[in-house]
Amino acid sequence: MEKQEGRDAAGVRLDDPWYDALASGWGELDGTGAPAPVLPPQSVDRRSAGPCTADIYLEVQRSAAFQEVRGRYRGFVVPAALAFLTWYLAYVVAATTAPGLMARPVAGAVNVAMVAGLGQFLTTFLLTWAYARHARVRRDRAALDLRWAVFDQTRAQEQTKAQAEATAREQAGTQGMTRGNER
Amino acid sequence: MSGDHQTLALLLFSAFIALTLAITTWVSRNRRGSAEEFYAGGRLFSPMENGFAIAGDYMSAASFLGISGLIALYGYDGMLYSVGFLVAWLVVLLLVAELVRNCGRFTLADVVASRMSERPVRIAAGTSSVAVSVLYLVAQMVGAGSLVALLLGGTSEAARSWTVIGVGALMVIYVSLGGMRATTWIQIVKAVLLMAGAIAMTVLVLARFQGDFNQLLNSAAERSGHGKDFLSPGLKYGGNWTARLDFISLGLALVLGTAGLPHILSRFYTVPTARAARRSVVWSIGLIGSFYLMTIVLGFGAAAVVGSDAVRASNAAGNTAVPLLSLSLGGGAGSTGGTVLFAVVAAVAFATILAVVAGITLASSASVAHDLYASLKRRNSKQRSEVAVARVAAVGVGAAAIALGLLARDLNVAFLVGLAFAVAASANLPVLLYSLFWRNFTTRGAVWSVYGGLIPAVLLVVFSPVVTGSPEALFPGVDIHVFPLQNPGLVSIPLGFLAGWIGTLTSAEPPDAAKHAETEVRALTGAGAV
């Protein structure tokens, strides 16, 4: 499903003139395949033209929905990362400084060191599974909603801007004559 | 190694080369020459495909032959490598993969440069990426030279040199003609071959001991000549405190270095979404984890079936443990089974080296063209020309790697790999984590953390016993060594983090709240991701 979505999106995106630009191009593209602005001087009118993409991101960052997603991500990742790094470092330090403890037999030829080493494998697999599940169940949906929210806002803003420019052009061109064309 | 082995092995090598060249031609049949296609394979790979490709990129010959060899010689101490190489993936999965996929386009520098003033950051991150790639590449080339020459019987200097040149030339062809798409398919083919080979060997070893792991361990301990000590840590790293600290340093570099390897990071851009990036890492953790579990069985199996002394007699570093094991398991030297199995293992090892080398060459050519060339030369260079530069850069990197590989052919391969991991962990990881997670991070902090990790790491190696002052050193005649450890990680990784922190605190430029908001929102939601 994801692959399909990506294929379609990329099919559109490859033709974007934006891709000719080198810069990492933040805030210039909505990323879901909508036409990027053809005009290059994004950075020029970005600051002057009132509300810009940066404001959208600041606003989304302050929103409760985003704080929730970030909280869930950090709430899982920070303790998990601390736990597995501590467990790994404890293992390495024990292996190098306490060989006596590590050599203690557990069952048959299997000793503490072997159990600890295989335990590292086991905890890695378990944590991978737990993280993937947590992200899928608790984070993916909300993150996708936010992504669409940003997309909608960016597009709305671009339309407003394009409209304002069209109006301005018209006014200049027709010397303030009738504006029946205005959308 | 008799002539039969060599003929069959050469035949399988040629088949693999023909297959990979066919893949390269096939995937580049209607290429459009876009940067998207060259660096990221069009971002169209599925999580499973990318998971296999990541595993293929990561499982080098150093792990297939090196780790099982170390286990065959030193028992448990070799296993510590397997654990470090696997646990490192948790750092990638939890902290890096999804966020990098959402924030960047082609390289590590993309992620950092988006928040900062672009030029200095891009130059710094590009430099460190190229440095890490070249170190890793030299390790693989040196390994290729000694290994293939060894497997084919011709251990003469000329045979090794020609192997290095041949491998280098092949990888330049793959990368410059096929780009990321060809490289990815080569990784996938290689990962499947490697897993199949490892599974077959593991099954044979376990069958030999009736599936009794306990009995396998006991025979290994018995035939190693070390008895029970073989099964507990300390044989290799249990000496004085310098050796122990050295191992802790290596362990730190292994677990933190993976997340800073440019060729691993660039793999996340080949899938369409962050969710796909996460799922590809889950695939690769499954593959890599089961592979390293199998190397443990193979290592102890080699000790039990072949015997540690026989392994050491064939190659002092233990690199031939698995080929020797395959010969024994197949029925011994001269038997058909032994010949076939040996040739298969040799061909898999060769495929492994070629694929890993191609992946790193692509990543470093991306850094040269997308980061260094683009920032240093022409600001408005067109996309077509950037890809052209990348293709030329692949040739240049290949030539440099061949030259260095020939110069450094007597260096220990495992050391070079450990060094590449240490440099990646010191120079690339701090800047990556700071840009993704620290609100007040600034341009100066970014530049300082890259150079503050890179320069100490390289300097500490120059002044370590590896380069001068010990009998096994690169220049045994000179003695300028002042740093006692072989691996700089224990000192240089904290220095990289510290330099980034100090650089940020002393920075005159205020942190850009808007850019940080953008990074954070994009990283976690995928908004605006390419």
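How many residues does the contact take from chain A and from chain B? The views below start there. This is a predicted model, in which local features need pLDDT of at least 70, side-chain atom pairs count only at pLDDT 80 or more, and totals for chains, interfaces and linings use all residues. Residues are numbered from 1 along each chain as its sequence is written, while chains are lettered from A and ligands numbered from 1 in the order in which they are written.

**View 1. The contact of chain A with chain B.** Chain A gives 62 residues and chain B gives 61 (in contact means C-beta atoms, placed from the backbone, within 7 Å). On the chain A side, H6(A) (112–174) supplies the largest share, 18 residues. That side has 40 nonpolar, 13 polar and nine charged residues (Ala, Val, Leu, Ile, Met, Phe, Trp, Tyr, Cys and Pro are nonpolar; Asp, Glu, Lys and Arg charged; the others, Gly among them, polar).

**View 2. H4(A) against H5(B).** The axes of H4 of chain A (residues 64–97) and H5 of chain B (residues 76–103) come within 10 Å and cross at roughly 165° (axes are fitted to C-alpha atoms over the stretch in contact, with angles from 0 to 180 degrees between N-to-C directions). The two helices are therefore roughly antiparallel (over 145 degrees). Residues making this contact include A:Phe84 and A:Tyr88 of H4(A) and B:Leu90 and B:Leu94 of H5(B). By class, the residues here are 12 nonpolar, no polar and no charged.

**View 3. The bend in H8(B).** Helix H8 of chain B (residues 157–208; helices are DSSP runs of H or I, at least four residues, numbered from the N terminus) bends by about 125° at B:Gly179 (the angle between axes fitted to the seven residues ending there and the seven starting there). Just after H8(B), B:Gln210 takes a positive phi of about 50°.

Definitions and conventions:
Parallel < 35°, antiparallel > 145°, perpendicular 65-115°, else oblique. Contact = placed C-beta atoms within 7 Å.
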